[in-house]
Amino acid sequence: MKLIATSTSPYARKVRIVMAEKRIECDLQIEPVGVPDTPVFRFNPLGKVPVLLLDDGTAIYDSPVIVDYLDNVTPVGKLIPEPTRSRIHVKSWEALGDGIIDAAVGIVMEKRRPTGQQSEEWISRQRKKIDHGLQALSQELGDKHYCTGATFNLADIVTGCTLFYLDFRFGEINWRGEYENLARLTDKLSKRKSFKDTVPPS
């Protein structure tokens, strides 16, 4: 297998952490996406990463689909529970985390446009999504050891990738000061080898 990614994509980091936790070997191919002729279009018609290329040439995208696939490749380190309600709970965490990242990435891309073309109103709407999303993450976590209880799973991977991406791109957001339970969670996650090995370049 081969993973097509960028070195800073939080969605790709999620997939890489899943692979590390499940001990799945995979080649990593870094490709640019912010250019009109990005080669990623050869693998994904939307030109987005990550893309997982199977040995038979099949391309799987995007990150929620990839992690579903990977979690069933091997029973080692199951990250998505089987019971329907538990599975939906974990996938809802994933949707919330990915949604916060979507808003954050949207702001990053908007701020790369010429100053006169940027929409402060649109940026403000995305920032509101981030703020409400963080509040929801904290409320859902409560005083639990991990996102859905006592066991580490995909919900924790997504939440960690989300919060560390905010650190990476939005240092002005003091989520640690406002949400101590999220800070405690990320302190635990930062000590895991899978997170250490996938820190994006500064």
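**Entry 1: Terms and overall fold**

I take helices and strands as DSSP runs, with at least four residues for a helix and at least two for a strand, numbered from the N terminus. I note at the outset that the model is predicted.

With these terms I looked up D62, and I found this residue in the loop between β4 (59-60) and α2. I then listed the elements of the chain and recorded 8 helices and 4 strands. Read along the sequence, they follow the pattern β-α-β-β-β-α-α-α-α-α-α-α. The radius of gyration is 17 Å, close to the 17 Å given by the globule rule for 202 residues, so I describe the chain as being as compact as a globular protein of that length. I noted that the C-alpha trace spans about 50 × 45 × 30 Å along its principal axes.

**Entry 2: Chain totals**

I looked up how much of the chain is buried and found that buried residues make up 47% of the 202 residues. The chain exposes about 10500 Å², and carbon and sulfur atoms supply 51% of that area. Among contacts with a separation of 6 or more, 66% join residues 24 or more positions apart. For the charges, I recorded 28 positive and 27 negative ones, whose mean positions are 2 Å apart.

**Entry 3: Backbone details**

I next examined the peptide bonds. The bond that joins Y61 and D62 is cis, with omega about 0 degrees. A cis bond also leads from V49 to P50, where omega is near 5 degrees. I placed P50 in the loop between β2 (27-30) and β3 (51-53).

I then turned to R23, which has a positive phi of about 60 degrees although it is not a glycine. R23 belongs to the loop between α1 (10-21) and β2. Its relative accessible area is 68%, and because the cut-off for exposed is over 50%, I entered R23 as exposed.

**Entry 4: D71**

Is D71 buried or exposed? I found a relative accessibility of 2% for D71, so this residue counts as buried. D71 lies in helix α2, which covers residues 63-73. Its side chain makes a polar contact with the side chain of K22, at 3.2 Å. Leaving out residues up to four places away in sequence, I listed the residues that D71 touches as K22, G77, K78, L79 and I80.

**Entry 5: Q126**

I located Q126 in helix α4 (residues 120-141). Its relative accessible area is 5%, which is why I entered Q126 as buried. Not counting residues up to four places away in sequence, Q126 touches A103 and I107.

**Entry 6: H89**

I found H89 in helix α3, which covers residues 84-111. At 33% relative accessibility, H89 counts as partly exposed. Which residues does H89 touch, not counting those up to four places away in sequence? I recorded E140 and T148. I also looked up H89 and A155, which are 66 residues apart in sequence and 8.6 Å apart in space, C-alpha to C-alpha.

**Entry 7: K196**

I closed with K196, in helix α8 (residues 193-196). Its relative accessibility is 53%, so K196 counts as exposed. Leaving aside neighbours within four places in sequence, K196 is in contact with S190 and K191. Its C-alpha is 9.5 Å from that of I17, although 179 residues separate K196 and I17 in sequence.

Technical notes. Residues numbered from 1 in each chain as written. Predicted model: local features only at pLDDT ≥ 70, side-chain atom pairs only at ≥ 80, totals over all residues. Heavy atoms only, no water. Buried < 20%, exposed > 50% of the residue type's maximum accessible area, 1.4 Å probe, protein only. Polar contact = N/O pair within 3.5 Å; in protein donor to acceptor, adjacent residues only side chain to side chain. Contact = heavy atoms within 4.5 Å. Rg over C-alpha atoms; globule rule 2.2 N^0.38 Å. Areas by Shrake-Rupley, 256 points an atom, 1.4 Å probe, with all protein chains shown as cover. Lys, Arg positive; Asp, Glu negative; His and termini not counted. Charge placed at Lys NZ, Arg CZ, Asp CG, Glu CD.
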